[in-house]
Amino acid sequence: MSDQTTCGVPAGEEMLRVKDLETQFRVDEGVVRAVNGVSYSLREREIIGIVGESGCGKSVSQLSIMQLLQRPGKIVGGEVWFEGQNLLEYGPKSAEMRAIRGGKISMIFQEPMTSLNPVLTIGRQLTESLELHLGMNKKEARARATQLLDLVGIPSPASRLDDYPHQFSGGMRQRVMIAIGVACQPKMVIADEPTTALDCTTQAQLLELMLSTIDACKGSLVLVTHNLGVVARYSQRIYIMYAGKIVEQGLCRDIFYRPRHPYTVGLLKSVPRLDEVRGHRLVPIVGTPPNLIDLPPTCAFYPRCSERTERCLTEPWPDLTAADGEGHLVRCYNPAERTGE
Ligand SMILES: Nc1ncnc2c1ncn2[C@@H]1O[C@H](COP(=O)(O)OP(=O)(O)O)[C@@H](O)[C@H]1O
Ligand SMILES: [Mg+2]
């Protein structure tokens with residue numbers, strides 16, 4: 001298993017820097033500002049978490065990085081620096097982006113049935129990227145594909161290469177997704193709610209499997225989820241996202257033990273915590289995230305916030321500002337009081 005300490009300070013060099021990313025969907029009702037000035041970074045062999053409720057722009061931000069947005073999605077601003085290049089200078093269909101997708105950066109999606117191709121065998125879906133990105137011949141690719149299925153715990157892997165996705169169970173399909181995700185030993189894997197559709201035990205097993213597999217190929221991971229409990233366990237740093245913006249970011253331990261944004265505090269109260277003996281009563285955050293069309297310039301969390309004041313309604317949504325702790329930033333006029341260890 002991983003030798004990384006889950007809440008330790010990451011050591012590697014920075015490999016990805018996303019700066020002020022903005023992605024919109026122009027629809028009949030107006031402009032959906034799905035990603036509204038998001039910045040984050042990822043270092044070598046680091047695991048970061050991007051957390052927020054459904055509809056906060058997590059998936060759209062990741063699809064933007066890969067330039068896999070569906071129409072009418074459009075990146076309207078920002079930079080995505082990866083290995084010294086701003087990927088947004090390449091077109092979505094450019095040779096450069098094709099080489100990066102599935103080669104250096106891969107994405108594991110929430111719903112394997114929609115991301116696996118139903119008319120191609122599992123073997124073909126694995127060998128395709130091995131041939132394309134690693135230049136393997138058919139025989140080599142097939143041998144490696146068998147190895148990969150074995151690695152993710154699929155019994156009799158050689159005989160399953162010729163099966164189609166519908167012949168696999170949900171959990172097995174998710175394993176296949178992990179195998180495809182790590183096939184070319186990517187530098188970076190983006191896992192978007194990779195286990196949400198599965199039961200708790202299978203979720204935990206698959207997450208462990210994914211982490212050890214990524215660790216074995218010395219990759220980094222962006223773990224996207226609505227479940228703060230999951231990322232708290234595995235990530236080194238966490239970004240909390242709300243209504244298309246990062247509202248708090250910091251080391252795992254700061255987010256978990258010294259959360260400052262009322263939204264983070266709310267998320268923490270709404271998930272079971274592994275570190276508590278007696279357990280606490282789970283309290284959901286009242287209300288739902290806002291519609292991202294025509295958002296006001298003021299704080300989008302205002303209607304649900306327990307700490308709101310007049311200022312939140314009259315002044316623009318504040319910038320991220322330093323809180324206690326290394327790299328700990330919060331976007332709020334009334335952050336929660338600092339608490340001790
Ligand atoms: N194809 C699309 N057309 C219009 N709006 C979209 C489309 N895809 C996503 N959105 C909007 O973008 C916002 C962010 O979505 P998403 O990134 O999927 O959220 P999350 O992954 O955090 O649940 C949502 O308000 C969603 O309705
Ligand atoms: Mg999503």
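Helix α11 (residues 262-269) lies across three strands, namely β3 (47-51), β9 (237-242) and β10 (245-251), and runs at about 105° to β9. The model described here is a predicted one, and the three strands under α11 belong to an open sheet of 8 strands with mixed pairing. A further open sheet, of 4 strands, has antiparallel pairing, and helix α1 lies across part of that sheet, over β1, β2 and β4.

**The sheet of 8 strands**

- The order of the strands in this open sheet is β6-β7-β8-β3-β9-β10-β12-β11, and their pairing is mixed.
- Because β6 (105-108) and β11 (321-322) stand at the edges and have a single partner strand each, one side of each is left without a neighbour in the sheet.
- Within this sheet, strand β7 (residues 188-192) and strand β8 (residues 220-225) run parallel and are joined by 5 bridges, with Ile-190 standing opposite Val-222 in β8.

**The sheet of 4 strands**

- As general background, the strands of a sheet pair through backbone hydrogen bonds, and they do so either parallel or antiparallel.
- In this open sheet the order is β2-β1-β4-β5 and the pairing is antiparallel, while β2 and β5 are the edge strands, each of which pairs on one side only.
- Strands β1 and β2 run antiparallel and are joined by 11 bridges, and in this pairing Val-18 has Tyr-40 of β2 as its bridge partner.
- On β4 (residues 73-82), the pairing with β1 is also in the antiparallel sense and extends over 8 bridges, with Phe-25 standing opposite Gly-73 in β4.
- Strand β4 is joined in turn to strand β5 (residues 85-86) by 2 bridges, and these two strands run antiparallel, with Trp-81 standing opposite Asn-86 in β5.
- The hairpin of β4 and β5 has 2 residues between the strands, and in this hairpin Glu-83 takes a positive phi near 50°.
- Helix α1 lies across β1, β2 and β4, and its direction makes an angle of about 110° with β1.

**The surroundings of ligand 1**

- There are 15 residues around ligand 1, and those that come nearest are Phe-25, Ala-34, Lys-58, Ser-59 and Val-60.
- The elements that give two or more residues to this shell are β1 (14-27), β2 (30-43) and α1 (58-66), and of these α1 gives the most, with 3 residues.
- Sorted by class, the shell around ligand 1 holds 7 nonpolar, 7 polar and 1 charged residues.
- Phe-25, one of the residues that come nearest to the ligand, is also the residue that stands opposite Gly-73 in β4.

**The contact of helices α4 and α5**

- The axes of helix α4 (residues 122-134) and helix α5 (residues 138-151) come within 9 Å and cross at roughly 120°, and the two helices are therefore oblique to each other.
- The crossing of α4 and α5 is right-handed.
- On the side of α4 the contact is made by Gly-123, Leu-126, Thr-127, Leu-130 and Glu-131, and on the side of α5 by Lys-138, Ala-141, Arg-142, Arg-144, Ala-145 and Leu-148.
- The residues of this contact divide into 5 nonpolar, 2 polar and 4 charged.

Terms used. Residues numbered from 1 in each chain as written. Chains lettered and ligands numbered in written order. Predicted model: local features only at pLDDT ≥ 70, side-chain atom pairs only at ≥ 80, totals over all residues. Axes fitted to C-alpha atoms, helices over the stretch in contact; angles between N-to-C directions. Parallel < 35°, antiparallel > 145°, perpendicular 65-115°, else oblique. Left-handed = near helix turned anticlockwise from the far one by under 90°. Contact = placed C-beta atoms within 7 Å. Nonpolar A, V, L, I, M, F, W, Y, C, P; charged D, E, K, R; others polar. Near = placed C-beta within 6 Å. Pairing = 2+ DSSP bridges.
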